[in-house]
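Dear colleague,

Please find below the structure for your consideration. My notes on it follow directly after.

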Amino acid sequence: MKRHLLRTVGQYGAVLFAAIVLNFALPRLAPGDAIDYILPDEVAASLTPAQRTEILDRFGLDDPMPEQFRAYLAGIARGDLLVSVRFGRPVTALLFERVGWTLLLVGGSLALSTLIGAALGFRSAWRRGTSTDTGALGAVMFLDALPPFFVGTLLLLVFSVGLGWFPSYGALSGQEVEGLALVGQVLQRAVLPVATLTIAGLGPMYLVARSALVGELQEDYVLMAEAKGLTDREVRRHASRNALLPVSTVALVGLGTLVGGAAVVETVFSYPGLGRLIYESVLSRDYPVLQGAFLLLIVTVVLANLINDLAYPLLDPRVRRPRARRA
Amino acid sequence: MTLTDVDPPSPAEAPAVRPAAASTAAKDRRARGAGRTMGILGAILLGGCVLVAVFAPVFTPYSPTERAGTPFARPSRAHPLGTNDVGQDLLAQLVFGTRLSLVIALSAAAIALVIGLSVALVAGYYRGLAEAVLMRIVDLMLGFPFLMLVIVLAAFFGRGLGTTIGVLATVLWARPARVLRSQVLKLRELDHVLAARAMGAPGTWAIARHIVPRITPLAAVQFVRIANIAVMLEASLSFLGLGDPSRISWGTMLYFANARSAFLTDAWKWWILPPGLALTAVILGLAFLGYAVEEWADPRLRRPAPRPVRRRALPPEPPDAAAAPALRLEGLVVEYRLPGSSVRAVDGVDLTVPRGRLVGLVGESGCGKTSIALTVAGVLRPPGRVEAGAMWLAGHELGRPARPAVAPFRGRTVALVPQAAMNALNPAYTVLAQVAEAARLTRNADAATERAHDLLERVGLDRSRHDAFPHELSGGMKQRAVIAMALVNNPALLVADEPASGLDVVTRAQVLKLLVELREEFNVGILMVSHDLPTVSRMADELAVMYAGRIVERGPAATVSSSPQHPYTRALFSAFPPLYGERRPLAGLPGEVPDMTGTPEGCCFLPRCPEGTAQCAEHEPLLEASPAGAGEVACLLRRRPS
């Protein structure tokens, strides 16, 4: 068990390191030199060659690559991720400011889409071949085929512009409120983006839950559970218990997909999250922010995978207690 | 290791000899699953889009980038979808956008598939370090937010058609790589591939000759899936204004619609809705097609669920319960219904198992034994169906033994030790919990745990092992636990389907010995289904021999084994060497069990019978008193002269 833990953590450490190397290399492989990378276009174009050399020298960008890489690693270790070109503020601070909003959207929709998707999928599997199943399958596949930004726009049209139930813009109203009123305001403005992301995440979850339970229901232990006189509810519990394994994996790994979806949804709802920050940084060529956000995403994804690997034994006794002795 | 040894042939192999008369069209549709309808719908949706893409200029006289009218024009005859903020025709954009979306998605998916397939072949076939490294990269790629990666890559490498396709392919290859690799792993262990490797065939040859052709269908499914994701990603990228700036795709249209706040006026009806629905149509078409192909490849997804059964209270004990046989079956007919054909696995079987006796039911694989076992235990699953027959369990009259009729008695009056009992335990619960759960049917939780401990000890599982999970036990121990689970409520009848299959010889003998002991101790009637004729004939009190869904001979085990009458029984016995006595030549039985989609006239064993005569082809033999003195045999050549 301890060895398993060490190996898992080691593997993910290696993956993380590789990603950091990639993050270091990517901008240096991209067309143009470092000046284009750190400075806005207009400024970069107006520089004389002498000024260019001076800037490169000051930022250590003409140092040999190993030297630069060491400096880059040291920066990461100190939590120092350069300075945003657009905002003129440290990237780390910017990311911290925005990441909370994205966590709210992604966390909320992950929980909702997992619960709804798994419940629907299990129900479909249990009643597979009936009109309940076919109806749910068709409906979920239709929802899944709607691009998130289209869903977001439609929700905006109906509930915000049409019915006026929810505000269409931002995470906060701008008025100074405190306590419960603040919570209410935040929730009210999160409803539509969370709903959009939930619809986007529902499809994969439903399909995995359905096919996992269909698979488990064909297993011999389910037949035995029936034969020994358990009720249908108890039989379903037996099978669902094992079908939860793939569902939990998809939930944690699906985090990545949802974070991706957040970029689009935050744009539709002008929500001040990480996705929108990345998008705006792309438009304004704010590469330091992009690089920092990219790093943050990698760390998140690796962590999600690590949690999944570490949580797996809690669900599966075969991993928790690998065969110690055999009779 | 499936539980049904009668695995019905697929519709393609089995010609419809006997059309299932009672089955309605609705039931056939149910058995076919949703995949077919989805496949057709998907093909229509996609086909429509492809037609629009190919014949784009037919639908509109305008180019998507020319100023064709006044800005913000409402729909009119000249511009059925109106114009956008610079006066470009929205219908032209929609129609030509189809082209762009399909070209980008299909080429990105094709490139990604080639990369993914190559990675799968290298990792799956050559294994080793290459595999370890490649698969870690795949894991990372799969977990990474696709869209973020696409955005960042597009930002670093500039915008353009080539970049978009390249970036999409870069993030999409990992999925097919993972799925196809696991398939390659299976294929490389196939006998002929192993043989080719052993004979020194170079890897590239084995891959090209044996692996690639077999992996193609799965690769096609993957292509559809990633094309689906590619459409969505391209649209998202364009929606963010990061696509190729010189071309207009559906995502680009929505980007401008959003940027010009089209949703604030009713312009959304012709500016936002059409491209959004077009995207949905393509993605849905691809998803439907993907599902249809997947369901076609995995019949499990197609099999309908058994109807849920509510457990009712056990009817009161009939007065003659103790004297009644544990099981009486009359005229049992079981069919497997498939669209277009049906297989009659059990064709009119009568069977009686007295309490405290062991009846062996023997025959080749595919003769209907397991179908009887599952029916009697009340767990026969669709497409299996009890067509006719009557059943009595310990004096209770059940009528036609369909699932719901037997369900109330499961676990209490009739219990099952299934085939492959090693898989009959749920890996997620301890052995004790699983036995106690069964015991709770007739007692409270504490008493159930006590009872479970007692039974597990009785079958020979030491108390220290009761809290073990199934994977921590050996095959023999799991088998014993399953027997304990079956007997925990003192059933009148135990159905044991190949109860010792998959165990080594010594363990098998121990388990069978245990069953014989328990039969007396619990006064339980045992119906033992097996093709291990020598063992069963030694243990059983009575023997019934099945062929092609019927019982062809039965009687006291000693009589049947010492003087078998039916040519089939004789053939079965002469296929095994006797342990004692003189040496006899072993004789195999040529031919196979008929496929039972249709019953021929006359004796069903005739095609393989060494003694068949002309009259056997005309008359169907019935069970009649055997010339051996005891028991019955269904053979025209063994009729007792009357």
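The notes below cover the conventions, the nonpolar cores and a few individual residues.

This is a predicted model, in which local features need pLDDT of at least 70 and side-chain atom pairs count only at pLDDT 80 or more, while totals for chains, interfaces and linings use all residues. Residues are numbered from 1 along each chain as its sequence is written, chains are lettered from A and ligands numbered from 1 in the order in which they are written, and side-chain values use heavy atoms, with hydrogens and water left out.

The largest nonpolar core (buried Ala, Val, Leu, Ile, Met, Phe, Trp, Tyr and Cys residues joined through side-chain atoms within 4.5 Å) has 142 residues. Buried here means under 20% relative accessible area, exposed over 50%, and partly exposed in between, with a 1.4 Å probe and protein chains only. Helix H4 (residues 90-126) of chain B gives the most to this core, with 19 residues; helices are DSSP runs of H or I, at least four residues, numbered from the N terminus. Among the residues with the most contacts inside the core are A:Phe149 and B:Trp173. A second, separate core of 63 residues includes B:Leu473 and B:Phe605.

In helix H16 (residues 431-439) of chain B, 8 of the 9 residues are buried, including B:Gln434 and B:Glu437.

B:Thr569 lies in helix H22 (residues 567-574) of chain B and is buried, at a relative accessible area of 0%. By contrast, B:Asp139, in helix H5 (residues 128-143) of chain B, is partly exposed at 25%.

With kind regards

Note on methods: Helix = DSSP H or I, 4+ residues; strand = E, 2+ residues; numbered from the N terminus.
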